[in-house]
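Here is a short briefing to read with the model open beside you. We will start with one sheet, move on to another, and then look at cores and a few individual residues.

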Amino acid sequence: ALCSDGTVRGWGANSRGQALGSPSTYPGRAAGVVTINGQILSNVVAIAAGWIHSHAILNNGTMVGWGTEFDGGNIEVPGGLSNVVSIAGWYSLIAKSDGSVVAWGRGNQHTISGLTNIVTVSAPRSDHGPLVALQKDGTVVESTLANPPVLSIVVSTATAISAGRWQKLALKSD
């Protein structure tokens with residue numbers, strides 16, 4: 001939960017530090033303020049939760065992550081990422097203020113060519129379909145993470161998107 005003071009509260013499973021920033025001994029009952037390296041996480045403007053990791057965008061356009069990667073290593077946010085405006089939970093995937101999309105993980109970081117004018121991204125579990133991206137003009141596209149991506153236009157006049165495990169939603173302007 002993103003609180004009005006810019007701090008983050010986490011709860012639920014925390015065996016890999018995905019809820020609170022450091023693993024708890026009884027992961028089923030973790031709840032509290034998120035801390036990273038012993039410091040309370042603050043100045044947060046957006047959050048995204050994945051399966052075993054979480055991310056936050058800070059008010060200066062940078063981001064942090066906590067928990068672990070799918071290969072068991074600690075989540076690492078690549079250096080140099082700035083102007084971040086949107087993050088997707090299951091993937092390590094962001095949209096930047098210039099409309100570009102960046103993906104990373106397992107030692108790989110790349111800008112997804114062909115995705116432009118993006119204002120927000122959402123993604124289901126990585127093994128359950130492509131990411132969904134909302135363009136500045138209200139068009140929603142589905143995209144693979146390949147370079148170049150395979151794109152398909154899904155809907156127009158959208159204002160918000162969300163992807164679940166088996167479904168994707170778009171809120172239209174009407």
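## A three-stranded sheet to start

Strands E5, E6 and E7 form an open sheet in the order E5-E6-E7, and their pairing is antiparallel. At its edges are E5 (44-49) and E7 (63-67), each of which pairs on one side only. From one strand to the next, the twist averages 20°. Please keep in mind that this is a predicted model.

**More on E5 and E6**

- E5 is joined to strand E6 (residues 53-58) by five bridges, and the two run antiparallel.
- If you would like a residue pair to find on screen, take valine 44, whose bridge partner in E6 is leucine 58.

**The chain as a whole**

- How many helices and strands does the protein chain have? The count is zero helices and 17 strands.
- The protein chain has 174 residues, and buried residues make up 42% of them.
- About 8900 Å² of the protein chain is exposed, with carbon and sulfur atoms supplying 50% of that area.
- Taking contacts between residues at least 6 apart in sequence, 36% join residues at least 24 apart.

**The four-stranded sheet**

- Another part of the model to look at is an open sheet of four strands, with the order E12-E13-E14-E15 and antiparallel pairing.
- E12 and E15 stand at the edges with a single partner strand each, so one side of each has no neighbour in the sheet.
- The twist in this sheet averages 30° from one strand to the next.
- Strand E13 (residues 131-135) and strand E14 (residues 140-143) run antiparallel and are joined by four bridges.
- Leucine 131 has serine 143 in E14 as its bridge partner.
- On its way through the sheet, E14 is also joined by four bridges to strand E15 (residues 151-155), again antiparallel.
- Two residue pairs help you trace E14 against E15: valine 140 has valine 155 as its bridge partner in E15, and valine 141 stands opposite isoleucine 153 in E15.
- As a reading aid, side chains in a regular strand alternate between the two faces of the sheet.

**The E13-E14 hairpin and threonine 139**

- The hairpin of E13 and E14 has four residues between the strands, and glycine 138 there takes a positive phi near 90°.
- Threonine 139 is found in the loop between E13 and E14.
- Is threonine 139 buried or exposed? Threonine 139 counts as buried because its relative accessible area is 11%, and the cut-off for buried is under 20%.
- The side chain of threonine 139 makes a polar contact of 2.9 Å with the side chain of aspartate 137.
- Which residues does threonine 139 contact beyond its neighbours within four places in sequence? They are Ala133, Leu134, Ile153, Val155 and Ser156.

**Nonpolar cores**

- The largest nonpolar core has 14 residues, of which Leu93, Val101, Ile112, Leu115, Ile118, Val121 and Leu131 touch the most other members.
- Strands E9 (92-96), E10 (101-105), E12 (118-122) and E13 each supply at least two residues of this core.
- Apart from this core lies another one of nine residues, including Val84, Ile87, Val102 and Trp104.
- Isoleucine 118 is a handy residue to click on: leaving out residues up to four places away in sequence, isoleucine 118 touches Ala95, Lys96, Gly99, Val101, Ala133, Leu134 and Gln135.

**Two loop residues with positive phi**

- Asparagine 117 is not a glycine, yet has a positive phi of about 60°.
- You will find asparagine 117 in the loop between strand E11 (108-111) and E12.
- Asparagine 117 counts as partly exposed because its relative accessible area is 42%, and that class runs between the 20% and 50% cut-offs.
- Threonine 157 also has a positive phi, of about 55°, although it is not a glycine.
- Where is threonine 157 placed? Threonine 157 is in the loop between E15 and strand E16 (158-163).
- With a relative accessible area of 37%, threonine 157 is partly exposed.

Methods
Residues numbered from 1 in each chain as written. Predicted model: local features only at pLDDT ≥ 70, side-chain atom pairs only at ≥ 80, totals over all residues. Heavy atoms only, no water. Pairing = 2+ DSSP bridges. Buried < 20%, exposed > 50% of the residue type's maximum accessible area, 1.4 Å probe, protein only. Contact = heavy atoms within 4.5 Å. Areas by Shrake-Rupley, 256 points an atom, 1.4 Å probe, with all protein chains shown as cover. Polar contact = N/O pair within 3.5 Å; in protein donor to acceptor, adjacent residues only side chain to side chain. Axes fitted to C-alpha atoms, helices over the stretch in contact; angles between N-to-C directions. Core = buried A, V, L, I, M, F, W, Y, C linked by side-chain atoms within 4.5 Å.
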